[in-house]
Amino acid sequence: MEIIVVLVGFSITIAIGFLAAFSWAVKSGQYDDTYTPSMRMLFSDTSKTTNNNNHNHKKGKDQE
Amino acid sequence: METPVQQTTCYHCGTDNNGAPVFHDGKAFCCNGCVSVYQLLTESGLDSFYTMEDRPGERKYSADSEKFDWLDDPEASKALIKYSDEKQSLVSFYIPDIHCASCVWLLEKLPSLKKGILKSEVDYLRKEIRVWFNHTEISVRSVVQLLAWLGYEPMIQLSDLENEADSKKPWRRTYLKLGLAGFAFGNVMLYSFPDYLGLDLYSEYLRSIFTWLSALISVPVLVFSAEDYWKSAWYSIKSHRITMDVPLTIGIFAMFAQSAYELMSKSGSGYFDSFTGLIFFLLIGKLFQQKTYHAISFFRDYRSYFPMSVFVKIEDGFKAIPLAKLNKGDVIRVRNEELIPADSTLISEKASIDYHFVTGESAPVNIKKADEVFAGGRLKGQEAQFFIQKTVDQSYLTQLWNHEVFKQDKLTNHVSLADKVSPYFTWVILAIAFAGFFYWQSTDTMKAVHVLAAVLIVACPCALSLSIPFTMGSVLNTFSKNGLYLRSERIVDQLSKIKTIVFDKTGTLTESGNLPLKWIGRDLSDHEVQLIAAAAMSSTHPLSLAIVNFLKSKEKHFPDELVEVKGMGIKAVFGNKKVLIGSEKWLNSNGIEAQDYIGHATKTYIGIDEHLYGAFIFEQILRAGSAETISKLAQSGLKLIGLSGDTKPNSGPVKTLFDSFHESNFDCKPEDKLNIISRIKREKTDELVLMVGDGLNDAGALQAADVGIAISDDVHSFSPGCDGILQAEHIYRLDAMLQLSNDANKVVYASYTISFLYNIIGVTLAVLGLLSPLLTAILMPLSSITVLVFTTGMVYILSIKRKLV
C-alpha cells in the first residue's frame with residue numbers, strides 16, 4: 001500500500017502544475033474578456049496570405 | 001450622373017446615397033469619406049472586410065479634425081495614457097459604435113493601417129479598445145483621429161481623465177480564489193475517500209499523511225480564498241453589527257480548530273473536505289451574483305454629458321481647450337448640436353437653444369443678443385458665440401448635482417433580509433452550542449468540547465448564504481435578457497417593496513428624439529412639395545428642418561424673396577407663387593384664414609398663395625406597450641404618478657394616459673420633480689417609491705427615489721446616474737419584472753426554510769453527539785447543492801410563468 005504515497009506525490013504535483021497554469025492564465029488576463037476571443041478565432045486571414053505579403057512588415061511587432 | 005449600375009446604397013457604410021453616388025473602383029459610395037476608407041482598407045489588404053457582413057462599415061465622419069485639438073494639450077493626453085514606458089504607451093477608449101464581428105476585426109488591424117501603432121485589442125462586451133503605440137512616432141491625437149476617421153469615434157468623457165485603477169483586476173482575484181478553493185476541494189476529497197467508504201484497509205501511517213496533506217492544502221484556502229468572509233465578519237463586529245458573515249466565520253474557524261485538534265491528537269481526519277467545499281460553493285455563488293454589466297455605467301453625472309473641449313476665442317481665432325480650463329469671461333464658439341457647457345450670455349445676434357436635457361421641454365427656445373443661456377442647453381442651427389458668466393462647476397445644471405440627495409448612497413441604509421435574520425441566527429446558534437456544551441460537561445468534558453465545535457460547524461450558514469446570491473443572480477440574469485440592468489442585486493429586494501411609481505413623460509412614456517411628422521391637408525403636387533421644402537430650407541428652426549427631412553425634395557429652388565419672423569413663420573416668394581409656413585397667427589396676418597382644427601400640441605401650417613393647404617403635425621407618440629403596462633400596473637394596486645416638463649395637452653394619447661394616473665404634474669422643472677419625489681417619501685415613509693425617467697433633467701428625481709430606473713434607447717451611451725437602466729423597447733415588461741422581483745423574495749424565504757431544516761437536523765445530531773466527520777461531509781455539500789438547484793430552478797420556472805423567458 002505504500003506505493004500510494006508515491007502516487008499521491010505524483011497526483012499532487014500534477015494538480016499543483018494545473019493550479020499554477022490556471023493562476024498564470026488569470027494573471028495574464030485571459031479571464032478578463034471571455035467573449036471577444038470567440039469572435040476573433042473565426043476571422044479568416046485569407047487576403048493577408050494571398051495578396052498582402054508586403055503589408056506584413058509589422059507582424060513581428062504585433063506580438064507584444 | 002448616368003451609370004449602368006443602379007446602386008442606391010454605399011459599398012462601405014450602406015447608407016442611401018441619395019441618388020448621387022460617388023464612383024470608385026466600379027463601386028458606388030455615398031461620399032468621398034467612405035471612398036478614402038475603402039482605399040485605405042484595400043491598399044492595406046484588408047478588403048475582405050467587405051465580405052464579412054452585409055453592412056459592415058459605420059458612417060460617422062468627423063470631418064473637422066480641429067475637434068481633437070485639445071488632445072494636443074499635454075496634460076489632457078497624459079491623463080488618457082494608462083501606461084507608458086520608453087518604447088510604448090497604452091491608451092484605452094470606449095467606442096459605442098462597436099457592434100459586430102467585423103468591427104472587432106477592423107479595429108484589431110490598426111497596426112497595418114498606421115505606422116506607429118503596435119497593437120490594438122478590442123473587448124467586445126465592454127466596447128473598449130486598447131491601443132499600444134509608439135509615442136515617439138505618433139500622438140494620442142493621431143490615434144483618436146484615425147479611429148474617428150474609420151467611423152469609430154471614441155467617446156471620451158471627463159471622468160476618463162481622472163485616472164482610475166484598472167477595473168478588471170478585482171475579478172482576477174476572485175477567479176484566483178475560486179481556482180485555489182476548487183483545487184483544494186478536489187484534492188482533499190480524494191484524500192478523504194477512504195473515510196467516506198469506511199475503509200479500514202489503510203494504515204494509521206497513511207491516514208496521517210493524508211490528513212497532513214489535507215491540512216496543508218486547506219491553509220491557503222483559509223488565508224486567501226476565504227479572506228473576504230472573515231475580513232467582512234471582523235469589520236461588522238467592529239462596527240457592532242452582525243451580518244451573515246459572522247456566523248459563517250465562526251463556523252469556518254470552529255471547523256478549522258476541530259480539524260487541527262483531530263490532526264494533532266491523531267483522533268480523526270477532520271473537516272477539511274467540508275471546509276474547502278464550503279468556500280468553493282460560496283465563491284461560485286459570489287461569482288454568479290457579481291455578474292456585472294461592464295459597459296453600462298450607473299454612476300454618470302453631469303460631466304458625462306458635457307463636451308471634452310470648447311473653442312475659446314484667442315487673439316487670432318479660436319483654440320480648443322479642455323473644459324476644465326474654461327474661465328469666467330472667456331468667449332466660446334458653439335456649433336450646431338453642441339452643448340453649452342456653462343451659464344453664459346449670447347454674443348451673436350440670435351440663437352435657438354434646445355433645453356430638452358434640462359427642462360424636458362422638447363420645443364427649442366429662441367434667444368437674442370445678450371440673453372442668458374444656461375448650461376446644458378443644446379444649440380440648434382447656426383453657430384453662435386457666448387460669453388461665459390460662470391465656471392462649469394458653478395453653473396445652474398451643475399448646482400443640481402450639489403443637491404444633498406447626490407451625496408448619500410441609498411443602499412447603505414438598506415437592510416436586506418439576510419442582515420435582519422443574521423443577529424437572531426447567530427445568537428440562537430451560540431445559545432444552543434453552549435447549552436449542549438454545559439449539558440455534556442457534567443458527564444464528559446471531552447465530549448462537551450466536541451459538541452460545541454460540532455454545533456458551530458454544522459450550523460455554519462452556508463446554504464443560507466447561498467440563497468440570496470443564487471436567487472438574485474438568476475433574477476438579474478432574467479432581467480438583463482429583458483433589457484433591464486440593475487446596479488446591484490439589492491435593488492431586486494427594493495423593487496419588490498415598491499408601492500408608488502412615478503413616471504416621467506418625455507422620453508419615458510413617449511418616444512424621444514426625432515418626432516415623426518404627419519401631413520394633414522390637401523394632396524400636394526410635386527412642384528408644391530419642392531417649393532415648401534425650399535422655403536423651409538432657408539430657416540434653421542428645428543421644425544423647418546424636420547419638414548425638409550420629411551419632404552426629401554431633391555430639386556433645388558431659390559426664393560426670390562424671403563421673410564422670416566421669429567416665433568411666427570416664413571414667407572417665401574417664388575415667381576408668382578407665395579409660400580407661407582408658420583403658426584396660425586402668421587397665416588392670419590398674411591391674409592389666409594387658418595383655424596385650429598387639429599388640436600395636437602405642435603403644428604406648422606402651410607399656406608400657398610391665398611389658400612390654407614394644411615398643416616404638419618408633430619406627434620408625440622407613446623412608446624409601444626407603455627399604455628398597456630400602465631393599466632396593468634394600476635390594476636395591481638400601485639399608485640401611479642405622472643410628471644411632465646411640458647404643458648398640459650388638450651387631447652391625444654398623452655392626455656388619455658395622464659388621465660389614468662392618480663396624480664399628474666405638468667410644467668415640472670428638474671427641482672420640482674425632485675421635490676415631488678421627496679414629498680411622496682415624506683408622506684408615506686414606509687412605502688418605497690420607484691422613479692422611471694430619462695435624461696439629465698430627471699437625474700435628481702432618479703436619485704431621490706428609493707429606486708431610480710432610467711429609460712434609454714441605447715443602454716451603453718446615454719443615461720443619468722441611477723439604480724437600473726431599462727431599454728426603451730422593453731418598457732412593456734415592467735409590470736412582469738416587478739412581479740418577478742416579488743416572486744424572488746418568496747423564493748429566498750423558501751430556500752431559507754430549506755436551509756433551516758438542514759440546520760435543525762444537523763444541530764440536533766450535533767447536540768446528541770452523533771455527528772461524525774462523514775455525516776458532515778455529506779450534509780454540508782448536500783444542503784448547498786439543494787439550495788443552489790432550488791433557487792435557480794424556481795426563478796427559471798417563475799420567469800416562464802411571467803413570460804420573461
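**Figure 1. Surroundings of Ser225(B) in the predicted model.** In this predicted model, a polar atom of the Ser225(B) side chain lies 2.9 Å from the backbone oxygen of Lys177(B). Ser225(B) belongs to helix 8 of chain B, which spans residues 204–225. With a relative accessible area of 0%, Ser225(B) is buried. Leaving aside residues up to four places away in sequence, Ser225(B) touches Lys177(B), Leu180(B), Ala181(B), Pro220(B), Ile279(B) and Leu283(B). Lys177(B) thus appears both in the polar contact and in the list of residues touched by Ser225(B).

**Figure 2. The tilted aromatic pair Tyr31(A)–Tyr175(B).** The structure holds 18 aromatic pairs over all chains. In the pair shown here, the ring centres of Tyr31(A) and Tyr175(B) are 4.8 Å apart and the ring planes stand at 50°, so the pair is classed as tilted. The pair crosses between chains: Tyr31(A) is in the loop between helix 1 (3–27) and helix 2 (36–40) of chain A, and Tyr175(B) is in helix 7 (residues 169–197) of chain B. Tyr31(A) has 30% relative accessibility and counts as partly exposed, whereas Tyr175(B), at 18%, counts as buried.

**Figure 3. The edge-to-face pair Tyr752(B)–Phe756(B).** The rings of Tyr752(B) and Phe756(B) have centres 6.4 Å apart and planes at 85°, so this pair is edge-to-face. Both residues lie in helix 27 (residues 734–767) of chain B, where they are 4 residues apart, about one turn of the helix. Tyr752(B) is buried, at 4% relative accessibility, while Phe756(B) is partly exposed, with a relative accessible area of 31%.

**Figure 4. An aromatic cluster and two charges over rings in chain B.** Phe503(B), Phe658(B), Phe661(B) and Phe666(B) form one aromatic cluster. In a second view, the charged end of Lys286(B) sits over the ring of Tyr229(B), at 5.5 Å from the ring centre. In a third view, Arg333(B) lies over the face of Phe318(B), and the distance to the ring centre is 5.1 Å.

**Figure 5. Strand 27 of chain B and its parallel partners.** Strand 27 comprises residues 707–712 of chain B, and 6 of its 6 residues are buried, so the strand is largely enclosed by the rest of the structure. In a regular strand, side chains alternate between the two faces of the sheet. Here Val707(B), Ile709(B) and Ile711(B) point one way from the strand, and Gly708(B), Ala710(B) and Ser712(B) point the other way; all are buried. Strand 26 (residues 688–693) of chain B pairs with strand 27 in the parallel sense over 4 bridges, and Gly693(B) has Ala710(B) as its bridge partner in strand 27. Strand 28 (residues 724–727) of chain B also pairs with strand 27 in the parallel sense, over 4 bridges. In strand 28, the bridge partner of Ala710(B) is Ile725(B). Ala710(B) is therefore bridged to Gly693(B) and to Ile725(B), as strands pair through backbone hydrogen bonds.

**Figure 6. An open antiparallel sheet of 3 strands in chain B.** The strand order is 12-11-14, and the pairing is antiparallel. Strand 12 (365–368) and strand 14 (378–380) stand at the edges, each with a single partner strand, so one side of each has no neighbour in the sheet. From one strand to the next, the twist averages 40°. Strand 11 (residues 350–354) and strand 14 run antiparallel and are joined by 3 bridges. Asp354(B) stands opposite Arg378(B) of strand 14.

**Figure 7. Positive phi at Ala370(B) and Lys803(B).** Most residues other than glycine have a negative phi. Ala370(B) is not a glycine, yet has a positive phi of about 75°. Ala370(B) is found in the loop between strand 12 and strand 13 (372–373) of chain B and is exposed, with a relative accessible area of 56%. Lys803(B), likewise not a glycine, has a positive phi of about 60°. Lys803(B) is placed in the segment after helix 28 (773–801) of chain B, and its relative accessible area of 68% marks it as exposed.

Notes: Residues are numbered from 1 along each chain as its sequence is written. Chains are lettered from A and ligands numbered from 1 in the order in which they are written. This is a predicted model: local features need pLDDT of at least 70, side-chain atom pairs count only at pLDDT 80 or more; totals for chains, interfaces and linings use all residues. Side-chain values use heavy atoms; hydrogens and water are left out. Two strands pair if DSSP finds at least two bridges between them. Helices (H or I, at least four residues) and strands (E, at least two) are DSSP runs, numbered from the N terminus. Axes are lines fitted to C-alpha atoms, for helices over the stretch in contact, and angles run from 0 to 180 degrees between N-to-C directions. Rings of Phe, Tyr and Trp (its six-membered ring) pair if their centres lie within 6.5 Å; planes under 30 degrees apart count as stacked, over 60 as edge-to-face and the rest as tilted. Buried means under 20% relative accessible area, exposed over 50%, partly exposed in between (1.4 Å probe, protein chains only). A charge sits over a ring if NZ of Lys or CZ of Arg is within 6 Å of the ring centre and within 35 degrees of the ring normal. A polar contact is a pair of N or O atoms within 3.5 Å; within protein, one must be able to donate a hydrogen and the other to accept it, and residues adjacent in sequence count only if both atoms are side-chain atoms. Contact means heavy atoms within 4.5 Å.
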